[in-house]
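Subject: Handing over the two-chain model

Dear colleague,

I am passing on the structure we spoke about, and below it I have written out what was found. Please read the notes with the coordinates open beside them.

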Amino acid sequence: MNSLLLKVLLLFCALNGALGLYFHIAETERKCFIEEVPDETTVLVNYKVELYDPRSGGFMPSSPGIGMHVEVRDSDDKVILSRVYSSEGKISFISHTPGEHIICMYSNSTAWFSGSQLRVHLDIQVGEHAIDYANIAQKEKLTELQLRIRQLLDQVDQVTKEQNYQRYREERFRHTSESTNSRVLWWSLAQTGVLVCMGIWQMKHLKSFFEAKKLV
Amino acid sequence: MTKKLLNSAVFIIFFVGFVNSVEFTFDLADNAEDCFYEEVRKNQSASLEFQVSAGGQLDVDVSLKDPQNRVIYTQERATFDSHQFVAESTGIYAACFSNKFSSFSHKLVYVDFQVGEEAALPGIDEHATVLTQMESSSQTIHKSLNQILDAQTHHRLRESQGRKQAENLNERVMEWSLFETFCMCLIGAFQVIIVRNFFRERKPSQYRRL
């Protein structure tokens with residue numbers, strides 16, 4: 001009876017611990033995800049890789065040989081994180097610049113295995129979703145209400161960050177539009193100038209040419 | 001008997017505890033189809049939201065399939081939409097994004113796949129006592145803030161759509177103006193050469209005939 005209980009509990013833990021979303025990639029394929037985040041925001045990435053097993057036609061729950069290379073780049077294309085992890089991993093980083101953060105994953109397998117499929121379970125949590133409230137409640141001994149207020153504060157914080165980021169993006173957008181506007185204006189002037197110069201040069205050149213040939 | 005009881009008890013816990021929500025943006029290559037799978041339990045509500053934020057005509061084909069591989073929702077060449085459904089059976093649901101119709105433009109697609117309701121805070125909602133006013137109002141604030149965050153995400157995506165288009169336009173104006181200036185100079189020089197050619201002295205051999 002005891003062993004059954006243990007088994008069921010283990011199953012429960014395993015199922016609950018499983019990450020929800022998954023997708024398939026070829027072993028040598030590279031898959032990138034983009035998270036647009038404000039600055040000073042925590043991003044939590046959880047993943048688990050399973051290798052396709054042709055013998056059983058399913059996916060092996062644990063593939064010790066497979067490692068995942070995870071690379072995170074910020075909006076300036078600067079590498080924040082680049083490491084090889086095992087087949088299961090938990091990565092978290094804090095953004096220092098606002099913008100699109102690109103998270104790329106590819107397995108460290110050699111071409112020898114290429115053609116086989118990988119199943120990648122992935123979970124990405126951003127901002128206040130990445131906070132583990134159970135942990136906080138336990139550590140800081142907060143009451144239920146205090147914990148709720150804590151969550152509200154985190155959320156408001158996130159909203160404020162997002163708004164700051166929005167302001168920043170709006171500024172960039174405006175700069176782009178203004179730049180387009182002025183470029184169009186200057187170019188139309190430049191085009192007129194080029195046309196006039198070209199016309200004058202053509203006239204002069206042909207005139208001197210005809211005079212030299214004594215045609216005029 | 002005990003086994004059954006135990007099993008059902010565990011499954012009840014499992015039902016309550018099973019919650020998942022993930023949002024991300026990915027790059028959909030031209031002529032490609034990307035699928036994402038998620039397990040949904042029976043009678044659990046789930047929602048799929050997507051938005052194309054850059055690339056081509058900002059359109060993508062979307063289909064959502066249930067565990068029996070039946071299509072329960074499909075959109076062709078859509079820019080953004082959201083779909084909510086209640087799972088009819090437990091199993092793997094697949095959300096597929098296809099760019100097969102486009103052979104040269106790749107797309108950036110934002111996806112938000114939510115399964116189940118938001119997980120309760122530990123300690124809260126576990127006891128069945130009536131909530132105090134403080135508790136219920138804090139819960140209301142929490143829900144409103146969630147809505148605000150969702151609205152912000154939506155807004156951010158629309159904004160990035162506009163911004164990417166504007167940046168693209170800026171670049172294209174720049175490239176086109178350089179190209180056209182180059183063309184004008186070339187055509188100008190070419191015209192002169194042609195006109196000169198009209199009046200070029202004929203070779204002596206051609207004069208002899210006259």
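The expected span of a helix is 1.5 Å times one less than its number of residues. With that rule in hand, and bearing in mind that this is a predicted model, consider helix α3 of chain A, residues 144-212, whose 69 residues reach 99 Å from first C-alpha to last, close to the expected 102 Å. The buried residues of α3(A) are Leu147(A), Arg148(A), Gln151(A), Gln155(A), Gln158(A), Glu162(A), Tyr165(A) and Thr176(A), and their cover includes α2 of chain A (133-140) as well as α2 of chain B. After α3(A) comes Lys214(A), which has a positive phi near 55 degrees.

Helix α2(B) can be read in a similar way: it has 66 residues and reaches 96 Å between its first and last C-alpha, close to the 98 Å expected at 1.5 Å a residue. In α2(B), the residues Ser138(B), Leu157(B) and Ser160(B) are buried, and what covers the buried residues of this helix includes β2 and α3 of chain A, together with β3 and β8 of chain B.

As for chain B as a whole, it holds 3 helices and 8 strands, which follow one another along the sequence in the pattern α-β-β-β-β-β-β-β-β-α-α. Of the 210 residues in chain B, 18% are buried, and among its contacts with a separation of 6 or more, 78% are between residues 24 or more positions apart.

Which strands make up the sheet, and in what order do they lie? There are 8 strands in an open, antiparallel sheet, ordered β6(A)-β5(A)-β8(A)-β2(A)-β1(B)-β8(B)-β3(B)-β6(B). The edges are taken by β6 of chain A (79-85) and β6 of chain B (80-86), each of which has a single partner strand, so one side of each is left without a neighbour in the sheet. On average, and with direction ignored, neighbouring strands of this sheet are turned by 20 degrees against each other. Helix α2(B) packs on the sheet, where it touches β2 of chain A along with β3 and β8 of chain B, and its direction makes about 20 degrees with that of β3(B).

The two chains meet in this sheet where strand β2 of chain A (residues 30-37) is joined to β1(B) by 2 bridges in the antiparallel sense, with Ile34(A) standing opposite Thr25(B). Further into chain B, β1(B) and β8(B) run antiparallel and are joined by 9 bridges; here Asp27(B) stands opposite Leu108(B), and Glu23(B) is opposite Asp112(B). Strand β8(B) also pairs with β3 of chain B (residues 45-54), again antiparallel, over 8 bridges, and Phe50(B) has Val111(B) as its bridge partner.

Strand β8(B) deserves a separate word, since 8 of its 9 residues are buried, so it is largely enclosed by the rest of the structure. The largest nonpolar core has 42 residues, and those with the most contacts inside it are Tyr47(A), Val120(A), Phe50(B), Val109(B), Val111(B) and Phe113(B); its largest share, 6 residues, comes from β8(B). Leaving aside neighbours within four places in sequence, Phe113(B) is in contact with Leu21(A), Val22(B), Phe36(B), Glu38(B), Leu48(B) and Ala95(B).

Turning to the contact between the chains, 56 residues of chain B and 52 residues of chain A take part. On the side of chain B that touches chain A, the elements giving two or more residues are α1 (2-17), β1 (20-28), β2 (33-40), β8 (107-115) and α2 (133-198) of chain B, and α2(B) gives the largest share, 28 residues. By class, that side of chain B has 30 nonpolar, 15 polar and 11 charged residues.

One loop position remains: Gln44(B), between β2 and β3 of chain B. Is Gln44(B) buried or exposed? With 18 other C-beta atoms within 10 Å, Gln44(B) is partly exposed, because a residue counts as buried at 20 or more such atoms and as exposed at 12 or fewer. Not counting residues up to four places away in sequence, Gln44(B) touches Ala87(B), Val115(B) and Gly116(B), and its C-alpha atom is separated by 8.8 Å from that of Thr90(B), 46 residues apart along the chain.

With best regards

Notes: Residues numbered from 1 in each chain as written. Chains lettered and ligands numbered in written order. Predicted model: local features only at pLDDT ≥ 70, side-chain atom pairs only at ≥ 80, totals over all residues. Contact = placed C-beta atoms within 7 Å. Helix = DSSP H or I, 4+ residues; strand = E, 2+ residues; numbered from the N terminus. Nonpolar A, V, L, I, M, F, W, Y, C, P; charged D, E, K, R; others polar. Pairing = 2+ DSSP bridges. Core = buried A, V, L, I, M, F, W, Y, C linked by C-beta atoms within 7 Å. Axes fitted to C-alpha atoms, helices over the stretch in contact; angles between N-to-C directions.
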